Structure formats: structure tokens, C-alpha cells
Amino acid sequence: MRKTRWSSRPVIGLLVAAGVASMVAFVFAPAALLGGRYGSFRQEAALRDGVSRGLVEFWQGNGPEYPALLARLVDYWFRWHAIKVAISALMLIVFVLLAAALWRGYLRSGGARALGAITATSFATLAVGLLLLNIQATAVPLVALLPLLSGGPHSGDLTRTLHEVRDSVNRPPGPHGGPPALPVLLGEVERYHWVLAAAAGTVVLATALASAILWRRRRAGSARAGFMRKALSITLAVTATLLLTVVAYSAYSAATPGDALLALLGGG
């Protein structure tokens, strides 16, 4: 009786509505929740300009501390992505529950629910990716801000700063150790990529193990149960493979933070 209620049309409809709502919230909620305190950053051009000026001030400073503007931007970007972490986690839960409900309905009655179950499983996989990326950006918001600089024209001050960053990365440090901002940037870039490598690596282990278990049990039970296990096993195997490339790229980037920094800045 409990399985019948769980896979009923009203429950599935409610989960579909919750999934759509979570996707809408993922796009619009951060700006709506942070607009009052950080309204000056709501426009993309204003945010990019703030990052540009903040980076220039930081690079030209005499110490490793963030200037006021950059500190405010880092706080804003941390909150922005923390909200997205919460929403993407909720999105993942909703789509996992929806996939489970649809798979149960398929096991009981077959029909087109298999397609819906596969679709919900795919959305759950995408939610995992969103969750990982936003965990990374929340952990190291300064580095997550840097790609914004490649999205528009550069001022003269920013162009000079990017050239100086490139030159400082590509040449050995002088007797005075170079600009004090450089080791901070390199350290944050390294941490940024190690966070994603660790988080994605954990998911790789979990998905690969689950895929192997499901594949070994693919012939147990009914033909519908076998199809479900094969579909889930293949989906998890593909997910693990894609995330393994993410782990490898992130580990390489963490080991070469200078090159990774220049890549984030658009090559300097």
C-alpha cells in the first residue's frame, strides 16, 4: 500500500512541480534574496566592474589583505553560491525522489513511466553537477569571481594588472618575493581546484560502486527490474566517468596553480 501511494499520480505531480520550482529558484532566488544588501552588484556589468576594480586594488596593495571592495564582493559571491548550494541540494533530493517514484511505478505497471524515470534520473545527475560546482565556488569565492573578468572590455588599469599577473607567474620571484597578492591568488586557485577534486572524487567512488552493484544484479528478478538496474548502472557509470575527468583536470590545475590562474583570467 505504501508503494502504491508513493508512486501515485498526485505524488508524482507534486514532485514534478517541486522540481520545476527548484530550477526556477536556482536561477532567480540568489538575486532576490541578496538584492537588498548587495543591490549595487545585481547588474552583471556592475559586478564585473567591481571585480575589475577590486582585483586592481588588491594587486597594487602592500599586503595580502583584501581591499574593502574586493572583500565585499567575496562575501557577496559566497552568499550567492551558498544559496545555490542549498537549492541544488534540494533539487537533487526532489529528482531522486521523483525518479524513485517513477521507477516504482514502472516496476508495478510498466508503460511510459520508464522514460520519465530515466529523465528524472538524468536531472538528478545534473543536480549533482550543480551542487559540486557551487560547493567549489562557495568554498573559494574569490577565484569563482575571476572568470567574470573575461566577459567584457578591460580598462587600462585592469589590462596592466593582468599583464603584471602574467609576468609575475611566468618569471621567477625576485629578491623581494614579488607582489604580496600573488601568493594569495595562487593559494586560492590551488584550494579552489582541490575542493572540486575532493568533492567530485567522493561522488566518483559512490557512483562507481553503485553502478557495479546494480550491474552485477541486472539479471535478478523480473525483466522490468533488470531493465531498471541496467539503466541506472549505465547512468551512474557515465556519471562516474565524466566526474573522473573532472577530478583529473582539477588535480592537474591544483598542481599547476600559475597556469590555472592565467586560464581563469583569460590568459592574462
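The expected span of a helix is 1.5 Å times one less than its number of residues. Helices here are DSSP runs of H or I with at least four residues, strands are E runs of at least two, and both are numbered from the N terminus. The structure is a predicted model, in which local features need pLDDT of at least 70 and side-chain atom pairs count only at pLDDT 80 or more, while totals for chains, interfaces and linings use all residues. Residues are numbered from 1 along each chain as its sequence is written, and side-chain values use heavy atoms, with hydrogens and water left out.

**Exercise 1. Helix spans**

Compare the end-to-end reach of α4 and of α7 with what is expected.

Solution.
- Start with the inventory: the protein chain has 10 helices and zero strands.
- Take α4: with 42 residues, 62 Å is expected at 1.5 Å a residue, and the reach from its first C-alpha to its last is 61 Å, which is close.
- Look just past its end: G110 follows α4 and has a positive phi, near 70 degrees.
- Now α7 (residues 156–170): its 15 residues should span 21 Å at 1.5 Å a residue, and the end C-alpha atoms are 21 Å apart, so the two agree.

**Exercise 2. The buried side of α7**

Find which residues of α7 are buried and what covers them.

Solution.
- Fix the term: buried means under 20% relative accessible area, exposed over 50%, and partly exposed in between, using a 1.4 Å probe and protein chains only.
- Pick out the buried residues of α7: L158, T161, L162, V165 and S168.
- Check where they point: they cover an arc of only 130 degrees around the axis, so they sit on the same side of α7. The arc is that of the directions from the helix axis to the C-beta atoms.
- Find the cover: α3 (44–60), α8 (181–216) and α10 (257–264) are included in it.
- For the wider setting, 43% of the 268 residues of the protein chain count as buried.

**Exercise 3. Three buried hydroxyl residues**

For S22, S88 and T207, work out which backbone oxygen each side chain meets.

Solution.
- Fix two terms. A polar contact is a pair of N or O atoms within 3.5 Å; within protein, one must be able to donate a hydrogen and the other to accept it, and residues adjacent in sequence count only if both atoms are side-chain atoms. A contact in general means heavy atoms within 4.5 Å.
- S22 belongs to helix α2 (residues 9–34) and is buried at 4% relative accessibility. Its side chain reaches the backbone oxygen of G19 at 2.7 Å. Not counting residues up to four places away in sequence, S22 touches I87, M91 and F95.
- S88 is in α4, buried with a relative accessible area of 0%. The S88 side chain reaches the backbone oxygen of K84 at 2.7 Å. Beyond its neighbours within four places in sequence, S88 contacts F26, A127, L130 and L131.
- T207 lies in α8 and counts as buried at 10% relative accessibility. A polar atom of the T207 side chain is 3.1 Å from the backbone oxygen of V204. With neighbours within four places set aside, T207 contacts L236, T239 and A240.

**Exercise 4. Rings and a charge**

Classify the F95–F123 pair and say which helices it joins.

Solution.
- Fix the term: rings of Phe, Tyr and Trp (its six-membered ring) pair if their centres lie within 6.5 Å; planes under 30 degrees apart count as stacked, over 60 as edge-to-face and the rest as tilted.
- Search the whole structure: 10 aromatic pairs turn up.
- Apply the test: F95 and F123 are 5.2 Å apart centre to centre with 20 degrees between the planes, a stacked pair.
- Place the partners: F95 lies in α4 (residues 68–109) and F123 in α5 (residues 113–139), so the pair ties together parts 28 residues apart in sequence.
- Compare exposure: F95 is buried at 5% relative accessibility, whereas F123 is partly exposed at 32%.
- Elsewhere, Y38, F41, Y76, W77 and W80 form one aromatic cluster.
- Finish with the charge: K84 lies over the face of F26, 4.3 Å from the ring centre. A charge sits over a ring if NZ of Lys or CZ of Arg is within 6 Å of the ring centre and within 35 degrees of the ring normal.
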